Amino acid sequence: MNRHRTRRQTYGPLLALAAAGALLLTGCAASEDHANGPDRSRGLPAPSQARGDGPTSSATASSSGHLSTFALDVDTASYGYARRTLADGGRPDPATVRPEEFVNSFRQDYRTPEHNGFTVTVDGARTSRPDWSLVRVGLATRPADGTERPPAALTFVVDVSGSMDEPGRLDLAKKSLDTMTDRLRDDDSVAIVTFSEHAETVLPMTRLGGHRAGIHHAVDRLRARYSTNLGEGVETGYATAVEGLRTNATNRVVLISDGLANDGETDPNAILRRIDGDRREYGITLFGVGVGSDYGDALMERLADKGDGHTAYVSDTAGAADVFCRQLPQNVDLVARDAKAQVAFDPHTVAEFRLIGYQDRRVADEDFRNDRVDGGEVGPGHTVTALYAVRTRPGTDGHLATATVRWLDPDTRTPHENTGAMETAALHASVWSASPRFQVTAVAAYFADALAGGDYDIPGSESLGKLRARAATLAETTEDKDVADLAKAIQEAG
């Protein structure tokens, strides 16, 4: 029950107080990149100050209630698992439905930067509910060149417990690893750790060049065994990654599991505490790949969040090819560490607002510029979307919101920021008159809300029948197979 109350928390009363005493926000005409913070000269309010950065002004203090701060997240596992469950004739547990992961499963139409870092796009549209709008904050990194990335040192931690013996689990993982072995570059390296009741390093860190046949042989010998000691698997995986650590390379642990831990340590916080020193000292991040119709979503999601990584879910060979041949190579390199976003809503025009999702990624407003506080890790070619339900004050016009993204350079740890803003006049008259990609974002969010039983209370929501029809039309407009799959999933839910 507390989960329901938390998700519906709004900031109307605090905004009312802010309107009386805070400085009003003013708009900016374009996005900017600032190495040491935003330009104050144009009247933009600074996002909240970090501890030690100086006093916090009354216009930006978290107590004013007009700020929303969260760590960036590119997880998509919730949507992938929902699709698998629906295809099998079931309904996903509402507790596994995270709307931000539905939204982030689709391509977006954001402008991308020419160099490392982010562009910031803020747009929105009015809904059928009076005075309520959907506001989309979009962040994008430039696509990977393919020739520029450093070599990768990937430690695959593979669940070989008894539950992985079912079709679509270990067999899918092995096929995926074989595909990855053929696709990775000669200067990349791979190690393999397996775990059931105990963990074992079956392949130390090995360069791909000249050793692909041996790696294929190691993959082929993987067999399902007994219980699931996931904690020991992760710990051994990190130890193997540290032993095979490569300088000037991207070192990452890739956990492939159904997340059904039943032996040894099963608490994700305790598991991550064991390897926290390796994670921090060597910058080794965790990429979780979920498999299986019975899937421990909560455990895998928390492990990835605590391990400075993210999760994806695969249910078939096509999905596995996408994750291992597109998403994982995309995540081999990093363009941003500890990335956070902060959105400042103008209390003159905004009566209340609500961030849809990101429940586990919220950050205290005053910690936005505290670089000791973890954010999210983002690779090249990524987009991150945050959707807000916003109630505007009747009869007011002007500045609506300013969004700022802050991140650390992966190599130098130098902080950078970029901002974007929008005015109330830029709101589209209707969600369904906005750009096709905005409409896809809305359909995905509404669909997640429906599967969660309306728990997110997203304004303007429609019936599953109408959402399916809209998704089908958008699939034709965008010529995007992923949107067609969304329409199919909505039909199955209905």
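## Phe-102 and its neighbours

Leaving aside residues up to four places away in sequence, Phe-102 touches Ser-78, Tyr-79, Ala-82, Val-97, Ala-444, Phe-447, Ala-448 and Leu-451. Keep in mind as you look around that this is a predicted model. Ring pairs also join Phe-102 with Tyr-79, Phe-106 and Phe-447 into a cluster.

## Two nonpolar cores

Phe-102 is a good way into the largest nonpolar core, which has 38 residues; Phe-102, Leu-134, Phe-447, Leu-451 and Leu-486 touch the most other members. Two or more residues come from each of helix 3 (77-87), helix 4 (99-103), strand 4 (132-140), strand 14 (383-392), helix 12 (436-451), helix 13 (464-478) and helix 14 (481-493). Helix 12 is the biggest giver, with ten residues in this core.

Apart from this core lies another, made of 32 residues, including Val-160, Leu-203, Ile-215 and Ala-320.

## Aromatic pairs and charges over rings

How many aromatic pairs are there? The count comes to twelve. One of them brings together Phe-70 and Tyr-358, with 4.7 Å centre to centre and 40 degrees between the planes, a tilted arrangement. This pair links distant parts of the chain: Phe-70 belongs to strand 2 (residues 67-71), while Tyr-358 is in the loop between strand 12 (350-355) and strand 13 (376-378), 288 residues apart. Phe-70 counts as buried because its relative accessibility is 1%, under the 20% limit. Tyr-358 is buried too, and its relative accessible area is 0%.

Two arginines are worth a look next. Arg-470 places its charged end over the ring of Trp-432, 4.0 Å from the ring centre. For Arg-129, the charged end sits over the ring of Trp-132, at 5.8 Å from the centre.

## Thr-392 in strand 14

Is Thr-392, a residue of strand 14, buried or exposed? Thr-392 has a relative accessible area of 5%, so it is buried. Not counting residues up to four places away in sequence, the contacts of Thr-392 are Arg-126, Asp-131, Thr-349, Val-350, Ala-351 and Leu-400.

## Helix 5

Helix 5 covers residues 170-183, 14 residues in all. From first C-alpha to last, helix 5 reaches 20 Å, close to the 20 Å expected at 1.5 Å a residue.

Which residues of helix 5 are buried? They are Leu-170, Leu-172, Ala-173, Lys-174, Ser-176, Leu-177, Met-180 and Thr-181. When reading such a list, it helps to recall that an α-helix has 3.6 residues a turn, so residues three or four places apart point the same way.

Note on methods. Residues are numbered from 1 along each chain as its sequence is written. This is a predicted model: local features need pLDDT of at least 70, side-chain atom pairs count only at pLDDT 80 or more; totals for chains, interfaces and linings use all residues. Side-chain values use heavy atoms; hydrogens and water are left out. A nonpolar core is a set of buried Ala, Val, Leu, Ile, Met, Phe, Trp, Tyr and Cys residues joined through side-chain atoms within 4.5 Å. Buried means under 20% relative accessible area, exposed over 50%, partly exposed in between (1.4 Å probe, protein chains only). Helices (H or I, at least four residues) and strands (E, at least two) are DSSP runs, numbered from the N terminus. Contact means heavy atoms within 4.5 Å. The expected span of a helix is 1.5 Å times one less than its number of residues. Rings of Phe, Tyr and Trp (its six-membered ring) pair if their centres lie within 6.5 Å; planes under 30 degrees apart count as stacked, over 60 as edge-to-face and the rest as tilted. A charge sits over a ring if NZ of Lys or CZ of Arg is within 6 Å of the ring centre and within 35 degrees of the ring normal.
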